[in-house]
Amino acid sequence: MVRFIHSADWQLGMTRRYLGADAQPRFSAARVEVVRAIGSLALARGCSFVVVSGDVFETNQVERQVVVRALDAMAATPGVTFYLLPGNHDPLDASSVFRSPTFVQHRPANVVVLDHPGLLPVAAGVELVAAPWSSKRPLTDLVADAVRDLPVTGDQRIVVGHGAVDHLSPDSTNPALIQVADAELAVADGRIHYVALGDRHSTTEIGRTGRIWYSGAPEATDFRETDPGNVLVVELDHGSISVEPVRVGTWEFVQYDAELAGEADLDVLDAFLESLPNKARTIVRLGLVGQLSLAERARLDSLLAHHGDLLGCLEAWGRRIDLIVLPTEADYGALELSGFAQAALTELREQAESQQEDGTVARDALALLIRLRGAA
Amino acid sequence: MRVHRLAVRNFRGVKACEIALPSEGVTIVEGGNEVGKSSMAEALNLVFAYADSSKSTVIRDVQPVHRDVGPEVEVELTTGPYRLVYSKRWLRRPSTTLTIVEPQREQVTGREAHDRVNQILDLTLDRDLWNVLRLEQGGDLGQSGFVLPSLSRALEATVGADVTGPDEDDLWHRIVAEREHYWTPTGRPSAERTRIAERVEAAAAVVEQVKAALRDVEARTDEFARLESEAVELAATQVDLAATEAEALERLRSIDGIRREVAQVEAALRSATSDHERWTQLHTSRTRLSDAMAQRQAALAVSESALAESEPARADAERALAELASRRADALAVLRRAEHAADRAAADSAYRRRQIEIEQFRERLERVVEAQSELERVEPILAGASVTPEIIEALEAAHLELAKAEAAASAGAAAVSASAEVEATVVVDGETVALSPGSVHHLPVASVTEVALPGVVTFTIRAGADSRANAERLAEARESLTRLCQRHGVSGLEDARRTAAARADAERTRTDANKRLNADLRDLTVEGLSRKIASLSVRLAEFEASRAAVPPVPADLDAAQDAEASAIEELARRRTELGQVEAELESAQARTKELGITGAANLERVKMDRAGLADAEEVLAQARAEHPDVELEEHLVSSALARTEAEARMAEVSQALAAADPDTLELVAEAARDARQRGEASIRDNRDQRRSLTAVIEHTGEQGLAHRLDVAQTEVDRLRLEAERLEARAEAARLLHDTFERHRAAARHKYVAPFREQIERLGKIVFGDTLEVTLDDQLGISARTLDGVTVGFHQLSTGAREQFALITRLACAALVSADGEGAPVVFDDVLGWSDPQRLKQMGLALTVAAKNCQVIVFTCTPARFANVGAANVVRLTAEPSSDSISA
């Protein structure tokens, strides 16, 4: 029986530009902290090692501070060995971070880079089958290459691979796609017993054997991910397997789209944002469309400012926001204009009805007019 | 607003002064310089502008000099619904008092009063209008500042447009300010926007830099991978090359035996070839000798034949030559005879010619002798007395005088005529005179004449006194004539005439003789002529002596010359004949000589060919003695056979060697060796490149480029967002501004018409009916047209501009002052530049304009405004009393 943790896609060094000066450092720190959490989980679950199936680092050009912090986090649990596989983000090419002086110099003894394809014994009767990426554009199915000539022995074999599988990839011409059928055949032959895959950030089981898995990223990285923030605790015994997703992530990415047409919609939006738990570690992206009055717009701005202060990040600007702000008759009535000014106002109001670019400018001009008049 | 009363006290030089003003129409405040009329105008301004606490230099300037009193102003006015009295004192015991009379009575003092008045004015008075309607001497005559809320409202009301209040004007100023925040006056982005755009650009440049660095890393990484696979290929290639070289070397060793045999066969072949070449040379040499001898024989035959052929021609030529020489001798003899005949004919001809010459010379000599004798004859005549025509003339005169004297003597004297009856002799004055019967003898009696018949009687006849005088004259005349004749050697007049004629004759003769002498002598003398005759005679004699008798000398010169011509002709003919013969002879000589040379040459060639043939025969004989022809043939055949055999053997062993292909093997081995060495260099080079790339990649890796890109990209995004928002605000500000400006301009365009009409109505009074004005955006006059001629405002004279300044203000006031609105028009000392005619017209315009508004004119020259009808005149004196003065 062997028990270990399957993780992948740490993407250490990744930044998110929409995060502010406050959220970005906390987000980065969390991505290192989750490594410590994985080490602790391994100890707690009696796992002797952790396999990380590629994309440990976001890029080979990652900042060196990120490297030493990650190594330090792994060094915190010396009894747990971390087997790191170079993936497409951090391939083992000439610029590989795994060969960098910083990494080599600071690598603790419990960190092993799977820098050669093929077998690596990790415990009595247990072998890893590594399929590391040596370049960003491999020309073959690296998992199949590593598995192809393996003889059947009594050992338990864990394949550590990275990349898209043919079942899920829309790009069938990619020669590096992992052929699920081949892997399943090898599992059926008893040449391998578990395939620990990385690249897909959501926890996903592949095929029908129950032995091929994407662990997903331990900490979310994007709004598109469906089930990130997990690691897999895998237990292999001859003939049986147990795979248990365990949540370790602390951050959430939330996408929320709404159409706003009045106070009631603003109430709903406010309630939704209010309902979010763990706000400081939640990144919210709003997609808002609709039409508001000047007063409603003011309320929206105030509402967003409030929740923006609470949330890890509230992204409510840019192209995803398509709100038209039109003053109401009451707004105009308060202006009390006459003569040429009234004529100019009428023209601007007509122009503001346009859905084109000049309509936007006219609406902005009207808002400005109301502001200037209000200051009088 | 209307001012009803204005009073000042202790204001500049004015102790106290007060004027009352009617609400409408023109008030003219007159007064000399320094009486305070300008002070009144100034006071009206200061009372509203400065609080009583003000210590401004403007206030201090109006304090009277050397008097410790504070200036005071009091004004009573109506503005809007308010009627009020407002008084103020500055500097000394300052105070402000406001008494509102209408609509509700109210009194306020101090600062509160000042503020209250300003509040009332702000509510009821267009302060800009108040300022614009005041014009001082030397003030700005420009046409700006008429964009006034009050004027705009008045104009809008006139044209029925919406009324625009002061709020709209305030809003407009805010809109302008907002636009200026984002745009420069020329419509370019403001400094803030430019700065943001520049920052976006700079940040984007940083992103591009980091991206480029990352692309470099990627390129280097790819290059490293390529070098790695190349290194593997290079190592494999080295192994292949070493194996190829070893195999080639092994095969090379196995073909050394074949090489040695090839060397032996090569030596044998060289020997056989050399032997055969020697016999071939000998054989060739023998053939050449035989051929040479045959050639010699042939040549001899040819030369002998040529010699035989040339001899007969030469003999013929020599015969012809001899014949021609004989013909030449004959022709020469004939020529000599002809020459002789010609010489003789020439001599004969000369002889006959000389004969004629000698005759001519003799004739000339005779004529010369004759002429000389004539000259000798006339010589004495010419040498004698010379009687010239002048002498003849003198003699004739003397003779005439004598005749005249004689006539006088005979006329005046007693004349005695004696007629003889018989032959008788009488003696008259001692001279005997024979008288014949019948004749009468006249005796003139000059003085005393004695006539005597000898012996018979003697008569003494005495003449009277006149007769004596005549007698004396006669004697003188005779004497004179006699003296002349003696001097010139003549006896009398007749003699003189004869002598002169003889001399003329002699001179003619001499001239004639000299002419003939010259003609005959020419360049000769008489002696010379004689010598020539003698010499010619000798030569003729000589010729006659030497000349043979036969043939006879031709009869005369003509015959001699004919004979000479015939002889010369004959001679020419003979010479031609000789020339022809000599030419033929020369030709024959040349041909004979040529044939002689050819014959000699042929003979020499025959000798030479014979000697050559003998030499060739000897050499061939010697060669045959050494190697007879038969032996030579045998050796040639045998040596050729030996060589062919050696060649066949050589081909055999060469083929064996070629089959082993040692060259290719050596090339293969060498190529493999070279390639291996090159491969080693490539491997070293590849290793060096990888090391160098590794160093660069590691160095770049330490820079955290991904993080830097993130930071830079974040900055760009942030700045772009900021710039977008700023641009949106700028566009909104511009749209708002442009829309408002357009409507504002359109509105102003509408209401500009009544203002222009008002200006033109007043202006036509001054400038005439053809006046038209053009107003600009600011409602100022930009140009005026008179009689169809348009002139820009700034090109007008100062006088005209001032007149327009007044008219514009009056027009403005007339429009805004309906119903007691507007503000008073104040002119201080204006129209200094107008001529009397214009002053008169301006007076009319003022009268017309002031019907609905209040116009106050301060002037020190009342005459300027004499034409203002129905004006209220206030006259200020130098020392105004404290009493009120009113119109």
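Leaving aside neighbours within four places in sequence, which residues is A:Ser100 in contact with? Keep that in mind as you open the viewer, and remember along the way that this is a predicted model.

**First stop: A:Ser100**

Select A:Ser100 and look at the backbone around it. You are in the loop of chain A that runs between strand 3 (81-84) and helix 3 (101-106). Now show what surrounds this serine. Beyond its neighbours within four places in sequence, A:Ser100 is in contact with A:Arg64 and with B:Glu702. So there is the reply to the opening question: one partner from chain A and one from chain B.

Add A:Arg64 to your selection. Along the chain, A:Arg64 and A:Ser100 are 36 residues apart, while their C-alpha atoms lie 9.3 Å apart in space. Is A:Ser100 buried or exposed? Its relative accessibility is 4%, and because buried means under 20%, A:Ser100 counts as buried.

**Second stop: where chain A meets chain B**

Next, colour the two chains separately and show the residues in contact between them. You should find 41 residues of chain A in contact with 44 residues of chain B. Together the two chains bury about 3600 Å², and 62% of that area is on carbon and sulfur atoms.

For a single pair to zoom in on, pick A:Glu347 and B:Arg742. Their side chains meet in a salt bridge, at 2.9 Å from N to O. The count of salt bridges between chain B and chain A is five. Polar contacts across this interface link 11 residue pairs, both residues at pLDDT 80 or more.

Which helices of chain B should you highlight on the side that touches chain A? Helix 6 (166-182), helix 7 (191-254), helix 15 (662-701) and helix 16 (705-767) each supply at least two residues to it. Helix 16 gives the most, with 20 residues. If you colour this side of chain B by residue class, it shows 17 nonpolar, 11 polar and 16 charged residues.

**Last stop: B:Glu30**

Finish within chain B by selecting B:Glu30, which sits in strand 3 (residues 25-30). With a relative accessibility of 9%, B:Glu30 counts as buried.

What does the side chain of B:Glu30 make a polar contact with? Show B:Arg875: the two side chains are in polar contact at 3.0 Å. To fill in the surroundings, display the residues that B:Glu30 contacts beyond its neighbours within four places in sequence: B:Thr859, B:Pro862, B:Val873, B:Val874, B:Arg875 and B:Leu876.

Definitions and conventions
Residues are numbered from 1 along each chain as its sequence is written. Chains are lettered from A and ligands numbered from 1 in the order in which they are written. This is a predicted model: local features need pLDDT of at least 70, side-chain atom pairs count only at pLDDT 80 or more; totals for chains, interfaces and linings use all residues. Side-chain values use heavy atoms; hydrogens and water are left out. Helices (H or I, at least four residues) and strands (E, at least two) are DSSP runs, numbered from the N terminus. Buried means under 20% relative accessible area, exposed over 50%, partly exposed in between (1.4 Å probe, protein chains only). Contact means heavy atoms within 4.5 Å. Buried area is the accessible area (1.4 Å probe) that two parts lose on being put together, summed over both. A salt bridge is a side-chain nitrogen of Lys or Arg within 4 Å of a carboxyl oxygen of Asp or Glu. A polar contact is a pair of N or O atoms within 3.5 Å; within protein, one must be able to donate a hydrogen and the other to accept it, and residues adjacent in sequence count only if both atoms are side-chain atoms. Ala, Val, Leu, Ile, Met, Phe, Trp, Tyr, Cys and Pro count as nonpolar, Asp, Glu, Lys and Arg as charged, and the others, Gly among them, as polar.
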